[in-house]
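Please look through the model shown below with attention to how side chains are placed relative to solvent and to one another. The explanation that follows takes an aromatic contact and then a helix in turn.

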Amino acid sequence: MNNDILAGNWKQFKGTILQRWGKLTDDDLEVAAGRRDEMLGKLQERYGVAKDEAETQLKDFEASHKAAYSSRFPQ
């Protein structure tokens, strides 16, 4: 999933992200606003994980949702 898909479908992703990472707040997601690097920073901050771990978690999330969103929003 690329940044365009993440940013373009941010409203749809927000609910799913909050289910996956319950420590994130609505304000965190407003700050991230679909920007992957900001999302990584918020994961590191809220969960106290290293950058590599946050990257792994976000990649897993993206991979698990890629099929559903790419079929709805083909590039």
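A residue is called buried here when its relative accessible area is under 20%, and exposed when that value is over 50%. The structure to which these cut-offs are applied is a predicted model.

With that in mind, the aromatic contact is a convenient place to begin, since the structure holds 1 aromatic pair. Its partners are W21 and F61, whose ring centres lie 5.3 Å apart and whose planes meet at 50°, an arrangement that counts as tilted. The pair links distant parts of the chain, for W21 belongs to the loop between helix 2 (10–20) and helix 3 (26–32), whereas F61 lies in helix 5 (residues 51–72), 40 residues apart. W21 has 0% relative accessibility and therefore counts as buried. F61, because its relative accessible area is 4%, is buried as well.

Attention can now turn to helix 4, which covers residues 36–47 and contains 12 residues. From the first C-alpha to the last, helix 4 reaches 16 Å, close to the 16 Å expected at 1.5 Å a residue. Which residues of helix 4 are buried? They are R36, M39, L40, K42 and L43. Viewed down the axis of helix 4, these buried residues fall within an arc of 165°, so they line one face of the helix. On the other side of helix 4, by contrast, D37 and E45 are exposed. The residue G48 follows helix 4, and its phi is positive, near 60°.

Definitions and conventions
Residues numbered from 1 in each chain as written. Predicted model: local features only at pLDDT ≥ 70, side-chain atom pairs only at ≥ 80, totals over all residues. Heavy atoms only, no water. Phe/Tyr/Trp six-rings, centres within 6.5 Å; stacked < 30°, edge-to-face > 60°. Helix = DSSP H or I, 4+ residues; strand = E, 2+ residues; numbered from the N terminus. Buried < 20%, exposed > 50% of the residue type's maximum accessible area, 1.4 Å probe, protein only. Expected span 1.5 Å × (residues − 1). Arc of directions from axis to C-beta.
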